[in-house]
Amino acid sequence: MIAFTDAERKEYHNIWVVAEILAGEIQPVTHELTGAARILADLRKSEVWVVVMGSGIEGKLESLFAYGADVAIVVDNPGLSGFVDETEAQIMKRLIVKYKPEVVICGATTRGRALIPRVSVMTHCGLTADCTGLSIDPENGDLLQTRPAFGGNIMATIRCSNHRPQMATVRPRVMKSPEPDPGRAGRIIKEEMLTSDTEKIKQIIDVFHSTETAYNLADAQIIISGGRGMKGPEGFNLLKQFAQRVGGAAVGASRAAVDSGWIPYAHQVGQTGQTVQTKVYIACGISGQIQHLVGMQSCDFIIAIDKNPDTPMMQIADIAVVGDLFEIIPEIIKGITNL
Amino acid sequence: MKIVVCIKQVPATNDAKIDPETKRIIRKGIKAILNPFDTYAVEEGVQLRDKFGGEVIVLSMGPPKAEASLREAISVGIDRAILLSDRAFGGSDTWATSYTLAKAIKKIGDVDLVICGKQAIDGDTAQVGPGIAAHLDWLQATYVMAVEEISSSSIRVKRMHEDGYDICEMSLPAVITVVKDINTPRVPSLKGRLASNKCEIPVWKPDDIGADISKIGLDGSPTRVVKTQPPPPRHTNTKKIEGSSIECAQSLLRELRLRSVI
Amino acid sequence: MINHIKNKIYHVEVLPPKQDSEKLEKDLEIFSNKYLRVMNSGYCVCITDNTMGLLSFQGTEMIEELDLPVIPNQVMIHLNTFHTKDNLDNILDICKLKGIRYLLIITGDGSERLPKLRPSDVGATDVESVTSVELLKYINRKYPDTFVLGVAFNPYEPEEHELKKMERKIKAGATFIITQPLIERNEVVDRLLEKYPKIPIFVEAWMSKKLYLLSEAVGYEIPENSEFDPISTLKMLHKLYPGCGVYLSLLGFKTQYHLIKDTWV
């Protein structure tokens, strides 16, 4: 909603987090964002409210307070068991008009990215996607949103001065989840889903949950990549196992591996493959030819594992592990499993 | 069946420079390409038209040279193209962009389906597709990996999620955004390209679509870019880990935990 | 293919116009002129397939749309694995129809915009990704006795790996080899020649002064050298590799073409 004057803006309070529900469970990204919201709310001297829309989730709200929420607004209705974005957007609009939050943040997941842009248009608000940083401008209390653009080549800071609430999405694992405080308490506000919310509705006919989540290179927070040092397709099976254990990870490959037929081209990182800007890039047995480096050099943190300590990849890496990857990786997999 | 595919011409993202005043990208001297995600939307539009008959139109908001991308779409089988181009549209954020495209779609009239690519590689926001749906007050389906059925009144799609997929059915008109899994975009042929050079592409301005001036361009954009800078430089110290395989693994596990990877 | 070596027929690489060309008609004309000039000189024109993953038009499209004459012994087209099956079959059909016999089969460079053959498209069940080996097998199966198939050899990649790959390529039906550009004697190429004395081998000559482009093409640092003279390097390659043919890349049609009539002695 338009808020051109100070007086109008002062009507909006509190930092909202839209919870991510999957198969009836609140997802970790919600806790990460609650932690981030807590910091913002403390600066604004206001509260953190988490909006939970789903079916059969009334009993799952306690954890939200442990992570920093003051209030949980819950809309619990069987009609919300599938992802009905239009209905959720309509509910969000009603709640926003009723309670006037100052900020709304949501996970940049497939659901979040379908829902919040729709909400932002319906409420005439500004929305910044995939923020890597959220802070408060000490001068006027505006939310400052930082995000990468241009394939990660540029960091942009965005502000939404004249519209409230200010909206942002944040990818999972970008913010750190706070230490939960089980003693913390909060309030629950129950809201109903109205018939008018379902005026525009899609029919969910079938839902399939996969046990194995295969992340593609563009969306993964972590990429575990293999090169000629993997010696064959079996080496890539090892990397796939590693990726599965980590969760949210994708398997990448150098051109040499793809050209040897060891892994499909869809996994190729580099000049004639994909360019990635992930949080963590683990290069296994990749020497680091220019064409490959061009595809992954803007990753935040690079780990290289190789027998040879002098390859270009080992030299640009933040951490260079000198050793036999066929022994080290199974040990890592064991280590993660035992956590 | 009348289908509109919304496309964007984007700078090839590897070299980017920012105008310090407007905080927007300086578009001179960088190669301009059809947004890669949009090629899947174009292909889907052409395939659906081939299967079910009707007309598929491609629409873009951009500077005059965005015409090249519209022609590229025509060269793979799109029936006709419309370019929204005017100084007044410049500096739009996703709210203003989706508003403008929605007005144009209303002006085209009787549209059954709007197809967008998942996101543009310069902005990377993925907001315009759902934004168009909201401005039009139509149903939406994002991350569509397959169109299973379509009729004059409804569409059934497979939506991709992190943990699997769902199948949903919605009444038309509707907006869908598509992911790469949906098809394999055909490469333009020389024949198609030569034919597309002969097509007339009308240029629409704010008056042509009845746009509210306060809702377009920089002034119509709720968000403002206030600062741009290069990302923090990569630190040059390489930390070396050596020792037995078990020691290496332990050290690495520690580092991964430190970075919330595990 | 051996007749190219015996009769001193140069392979002259010509690139089709890029898809995003802003002066397409002009580029088509330039291509036609180059093609015809090579034909008339008695050399073999070699047309590339989306080099470096940069979207360009296909050699077969160019020949069809521009109605260019095909003399079977003088035309070679590159064919890589970045096509849909339909597209690939279409190209092969046109080649067969037009009498284009020489195909250089390479894995090739991909990009965001290019589709890639799936193993099932070419009847391959034992690989995760289609390489030149699977494409060779497919073409020989589908079009027996139709084409003369060649492959590339990269002496700048680890030798053992490359030689093993070459064994697989030969087994799959490759009957001639073209190396990556050489600017001096290359020991790895020497060993390749020793290993395959009966197979026609062509060394590639880099005809541009810009060595940094060569570094980018082969992926390894080749020291910049302001003294580098492509024509004298070409003459030297002939002396070093008298039993090999020569493939000319980046030949300057305005500045160098007239000089090459005297270089192969």
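The C-alpha centres of domain 1 and domain 2 of chain A lie 35 Å apart, in a model that is predicted. The domain assignment of chain A places domain 1 at residues 6-198 and domain 2 at residues 222-337. For the model as a whole the scores are ipTM 0.90 and pTM 0.89, while chain C averages a pLDDT of 94, with 100% of its residues scoring at least 70.

**Chain A as a whole**

Chain A is built from 10 helices and 18 strands, and its C-alpha atoms fill a box of roughly 65 × 45 × 40 Å when this is taken along the principal axes. The radius of gyration of chain A is 22 Å, which agrees with the value near 20 Å that a compact globule of 339 residues would have. Of these 339 residues, 55% count as buried. Among the contacts in chain A with a separation of 6 or more, 64% are made by residues 24 or more positions apart.

**Strand pairing**

Within chain A, strand 8 (residues 133-136) runs antiparallel to strand 9, and 4 bridges join the two. One of the residues involved is Leu134(A), whose bridge partner in strand 9 is Gln145(A). The hairpin of strand 8 and strand 9 of chain A has 6 residues between the strands, and in this hairpin Gly141(A) takes a positive phi near 80 degrees. Pairing also crosses from one chain to another, since strand 10 of chain A and strand 12 (residues 224-229) of chain B run antiparallel and are joined by 5 bridges. Here Ile158(A) has Val225(B) as its bridge partner in strand 12 of chain B.

**Where the chains touch**

The contact between chain A and chain B takes 71 residues from chain A and 61 residues from chain B. Several elements of chain A each supply at least two residues of the side that touches chain B, among them helix 4 (85-99), strand 9 (143-149), strand 10 (154-159) and helix 10 (325-337). Helix 5 of chain A gives the largest share of this side, with 9 residues. A second contact takes 9 residues from chain B and 11 residues from chain C. On the side of chain B that touches chain C, helix 1 (36-52) and helix 5 (190-196) of chain B each supply at least two residues, and the largest share, 3 residues, comes from helix 5 of chain B. The table sets out the classes of residue on these two sides.

| Side | Nonpolar | Polar | Charged |
|---|---|---|---|
| Chain A, touching chain B | 34 residues | 21 residues | 16 residues |
| Chain B, touching chain C | 4 residues | 3 residues | 2 residues |

**A residue of chain B: Met61(B)**

Met61(B) is found in strand 4 (residues 55-61) of chain B. This residue counts as buried because it has 26 C-beta neighbours inside 10 Å, where 20 or more are needed for a residue to be called buried. Leaving aside residues up to four places away in sequence, Met61(B) touches Leu84(B), Phe89(B), Thr97(B), Thr100(B) and Leu101(B). Val178(B) is 117 residues from Met61(B) in sequence, and the C-alpha atoms of Met61(B) and Val178(B) are 19 Å apart in space.

Conventions. Residues numbered from 1 in each chain as written. Chains lettered and ligands numbered in written order. Helix = DSSP H or I, 4+ residues; strand = E, 2+ residues; numbered from the N terminus. Rg over C-alpha atoms; globule rule 2.2 N^0.38 Å. Buried ≥ 20, exposed ≤ 12 C-beta atoms within 10 Å, placed from the backbone. Contact = placed C-beta atoms within 7 Å. Nonpolar A, V, L, I, M, F, W, Y, C, P; charged D, E, K, R; others polar. Pairing = 2+ DSSP bridges. Domains from an automatic or database assignment. pLDDT = per-residue confidence, 0-100.
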